[in-house]
Amino acid sequence: MKVRIKFRKYGALRFIGHLDVMRFFQKVMRRAQIPIAFTSGYSPHMIMSFASPLGIGLTSDGEYFDIELTESISSEEAVRRMNAVTAEGIEVVSFRQIAEEKKMTGMAILAAADYLVGMSIEEEPGFFKKYKADFKAFLEQPQIIVMKKTKRSEQEVNIRPMIYQMDLQENGVYLKLAAGSVKNLKPELVMSAFCQFAGIDEKKISYTWHRLEMYAQRASDEWKEPEKRKLVSLESLGKIIESREIHD
């Protein structure tokens, strides 16, 4: 049985990296006595795969990883056990059974993520009103070319098709961006591109970054065109494991 776990990351633990988060949940699994499956061989390890690592310093309400179980456990019991042994800054939100196919893992199907970006400039208390027209003009560009760094090189990329939504809110910016192995856009890159477009000295800006949710792209007979496919949360693709299913 494969399961998808959703969790929140907040507070001081936003400063721990992805490898530390993995080690943290390995300990949680043992302490909570979750019947997680291990790989075979001389050095077995827990079968665990994260949808998308969260950058250091970001908080989130929608982080995911998938595991395999050796036996069933109810969603309610699993969440209760894990939260009983977790630390302040990590909270397990849901525990749901998912499809068995490898192609349906969170890492494989991830297509988008959304964020709330908090921004403030001490010298400009009316920042958002002042730059409202610039936000509109920024999105109306047919192309937004930026230098995107990879592990091996830098290259010019048009990020406009990867910005699915960008809304100016009272105290920040809402972004829905492409995410995953095929296309991936970080909110930092979008905000840097906007500041350059609007002539804002980014060194004067204080940012906060918060990931809200992660999405898969779900196609149906009515939505065959890729740009019209519906985005659904990774959580919604799983089903709650009821207590009675343990004895089935």
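These questions and answers cover strand β3 and helix α1 of a predicted model.

Residues are numbered from 1 along each chain as its sequence is written. Local features need pLDDT of at least 70, side-chain atom pairs count only at pLDDT 80 or more, and totals for chains, interfaces and linings use all residues, while side-chain values use heavy atoms, without hydrogens and water.

Visitor: How many residues of strand β3 are buried?
Guide: Strands are DSSP runs of E, at least two residues, and helices runs of H or I, at least four, numbered from the N terminus. Buried means under 20% relative accessible area, exposed over 50%, partly exposed in between (1.4 Å probe, protein chains only). Strand β3 spans residues 59-68 and is mostly covered. Its buried count is 8 of 10.

Visitor: Which residue in β3 stands opposite Lys-6?
Guide: Strands pair if DSSP finds at least two bridges between them. β1 (residues 2-9) runs antiparallel to β3, with 7 bridges. Opposite Lys-6 stands Tyr-64.

Visitor: In which sense do β3 and β10 pair?
Guide: Strand β10 covers residues 206-218, and 2 bridges join it to β3. Thr-59 stands opposite His-210 there. The sense is parallel.

Visitor: Why are the buried residues of α1 on the same side?
Guide: In α1 (residues 18-32), the buried residues are Val-21, Phe-24, Phe-25, Val-28, Met-29 and Ala-32. The arc is taken from the directions from the helix axis to the C-beta atoms. They are on the same side because they cover an arc of only 140 degrees.

Visitor: Which exposed residues does the opposite face of α1 carry?
Guide: This face is turned away from the buried side of α1. Its exposed residues are Leu-19, Arg-30 and Arg-31.

Terms used: Expected span 1.5 Å × (residues − 1).
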